Amino acid sequence: MAEDRAQALLEKVYNARDAGHYAYGLELSRDLSRTDPDYCFGSFYQGLFLLYLNRYREAENLFRIAISQSDSERFHNFCYTQLGHLYTESKSFDLAEECYLQAIRLAPNDADGYISLGIMFLRIGDRDRAESTYWQATTCPDGVLSEAYLNLGLLLRGSDRLEEALECASQSIKLQPDYAEAAVLKEDLEMAIMLRAEVSESRH
């Protein structure tokens, strides 16, 4: 019976997360932990909602508890990724890098860890490391590769490497045809490249 209640609560937690109902989700995840105090997802989702609510110290503690409640490397990967987000938001960038690298070690074939690490590098102004990390993400067999190509395309656009950025935007759309942000990037780049060519031609 307790297992059925925990599963029903977990479904409500997912729905609250997806709906952006963070206060409600926090209460649900607390109830989940009361139902099964050793259930790692109860601690994980308390940490996640606390992170969304900018309560970083409490969130950090809950993620660490969640890690101690499970032996699953994949679950640890999720926890370290969220700890990386937490430290990025709190501007503890060395700790963020350490957590993202740990997440990558736990799931080296998943693009998502590389994407998160690249975003952090870009946030601190290290464009070279961000680019190389995004490129690594595009070679992964798992994860959201359309996002990897989008982020790489956005970085290349910012570096004025428009043709390379356009290739990345096109690849992102090929992988995910309904990716609106990639479509906007592609349109922007096509217009910029066309205008650049027209101006260059008019000068000759």
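At the start of α5, which backbone nitrogen does a side-chain oxygen of Ser-72 reach? In this predicted model, that oxygen of Ser-72 comes to within 3.3 Å of the backbone nitrogen of Arg-74. The points below cover helix α5 and then Ser-146, a residue of helix α9.

**Helix α5: extent and ends**
- Helix α5 spans residues 73–89, a run of 17 residues.
- From first C-alpha to last, α5 reaches 24 Å, which is close to the 24 Å expected at 1.5 Å a residue.
- Just after α5, Lys-91 adopts a positive phi of about 65 degrees.

**Helix α5: burial and packing**
- Of the 17 residues of α5, 12 are buried, so the helix is largely enclosed by the rest of the structure.
- The aromatic side of this buried set includes Phe-75, Tyr-80 and Tyr-87.
- Also buried in α5 are His-76, Asn-77, Cys-79, Thr-81, Gln-82, Leu-83, Gly-84, Leu-86 and Thr-88.
- The packing partners of the buried α5 residues are α3 (40–52), α4 (56–68), α6 (93–106) and α7 (111–123).

**Ser-146 in helix α9**
- Ser-146 lies in α9, which covers residues 145–158.
- With a relative accessible area of 5%, Ser-146 falls under the 20% cut-off and is therefore buried.
- Leaving aside residues up to four places away in sequence, Ser-146 touches Ser-172, Leu-175, Gln-176 and Tyr-179.
- With one of these, Gln-176, the contact is polar: the side chains of Ser-146 and Gln-176 meet at 2.7 Å.

Note on methods
Residues numbered from 1 in each chain as written. Predicted model: local features only at pLDDT ≥ 70, side-chain atom pairs only at ≥ 80, totals over all residues. Heavy atoms only, no water. Helix = DSSP H or I, 4+ residues; strand = E, 2+ residues; numbered from the N terminus. Expected span 1.5 Å × (residues − 1). Buried < 20%, exposed > 50% of the residue type's maximum accessible area, 1.4 Å probe, protein only. Contact = heavy atoms within 4.5 Å. Polar contact = N/O pair within 3.5 Å; in protein donor to acceptor, adjacent residues only side chain to side chain.
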